[in-house]
Amino acid sequence: MNKSELVQQVAGRAGLSSGQAAGAVEATLAAIEAELAAGGEVAISGFGRFSVAARAARQARNPRTGEPIDVPAGRAPRFSPGSQFKRAVADA
């Protein structure tokens, strides 16, 4: 499912127009993105938790040449599914 298909599903399930559903989906994604960019987390009961994990600097190897490469420290988004979400997927 891509974003436009998600918008159509939201529109159908919530009884919204496609434009309203697109606005709602965009607003939801923007709110999650902004909270994570600020270093926070977003917990949706029964669905899961979006958070940010710190990655330490490390040294890796170029698989083609075997040459060492320095990978800088950074931050990466993480998602931890909730128990209801896990059950829904497992039972499908």
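## Sheet, pocket and selected residues

Outside the residues within four places in sequence, Ser51 is in contact with Leu36, Gly40, Glu41, Ala76, Pro77 and Arg78. The model is a predicted one. Ser51 belongs to strand β2. Its relative accessible area is 10%, so Ser51 counts as buried, the cut-off for that class being under 20%.

A second residue of β2 is Arg55. Arg55 has a relative accessibility of 48% and is therefore classed as partly exposed, since that class lies between 20% and 50%. When residues up to four places away in sequence are not counted, Arg55 touches Ala73, Gly74, Ala76 and Arg78. Between Arg55 and Val71 there are 9.7 Å from C-alpha to C-alpha, with a sequence separation of 16 residues.

### The sheet

Which strands form the open sheet, and in what order? The order is β1-β2-β5, three strands with antiparallel pairing. β1 and β5 are the edge strands, each pairing on one side only. On average, neighbouring strands of this sheet are turned by 25° against each other, direction ignored.

Strand β1 covers residues 42-44 and strand β2 covers residues 48-55; the two pair in the antiparallel sense over three bridges. Within this pairing, Ile44 stands opposite Gly48 of β2. The two strands make a hairpin with three residues between them. In the turn of that hairpin, Gly46 has a positive phi of about 85°.

β2 also runs antiparallel to strand β5, residues 74-81, and eight bridges join the two. Here Ala54 stands opposite Arg75 of β5. As a general point, side chains in a regular strand alternate between the two faces of the sheet.

Helix α2 lies across β1, β2 and β5, and runs at about 35° to β2.

### The largest pocket

How much space lies in the largest pocket? The value is about 320 Å³. Two elements, α1 (3-14) and α2 (18-37), give two or more residues to the lining of this pocket. The largest share of the lining comes from α2, with five residues.

The residues that line the largest pocket are Leu6, Val10, Ala24, Val25, Thr28, Leu29, Ile32, Ile44, Phe47 and Phe50. By class, nine of the lining residues are nonpolar and one is polar, and there are no charged residues. Ile44 thus appears in two settings: in the lining of the largest pocket and opposite Gly48 in the β1-β2 pairing.

### A glycine in a loop

Where does Gly66 lie? Gly66 is in the loop between β3 (58-61) and β4 (68-71). With a relative accessible area of 34%, Gly66 is partly exposed. The C-alpha atoms of Gly66 and Gln8 are separated by 47 Å, and these two residues are 58 residues apart along the chain.

### Accessibility of three residues

The table collects the accessibility values given above.

| Residue | Location | Relative accessible area | Class |
|---|---|---|---|
| Ser51 | strand β2 | 10% | buried |
| Arg55 | strand β2 | 48% | partly exposed |
| Gly66 | loop between β3 and β4 | 34% | partly exposed |

Definitions and conventions: Residues are numbered from 1 along each chain as its sequence is written. This is a predicted model: local features need pLDDT of at least 70, side-chain atom pairs count only at pLDDT 80 or more; totals for chains, interfaces and linings use all residues. Side-chain values use heavy atoms; hydrogens and water are left out. On a 1 Å grid over the protein atoms alone, a cavity is a set of points where a 1.4 Å probe fits but cannot get out, and a pocket is an open set with protein on both sides within 12 Å along at least five of seven lines; lining residues have an atom within 4 Å of a point. Grid points are joined across faces, edges and corners, and a volume is the space filled by probe spheres set on the points. Helices (H or I, at least four residues) and strands (E, at least two) are DSSP runs, numbered from the N terminus. Ala, Val, Leu, Ile, Met, Phe, Trp, Tyr, Cys and Pro count as nonpolar, Asp, Glu, Lys and Arg as charged, and the others, Gly among them, as polar. Two strands pair if DSSP finds at least two bridges between them. Buried means under 20% relative accessible area, exposed over 50%, partly exposed in between (1.4 Å probe, protein chains only). Axes are lines fitted to C-alpha atoms, for helices over the stretch in contact, and angles run from 0 to 180 degrees between N-to-C directions. Contact means heavy atoms within 4.5 Å.
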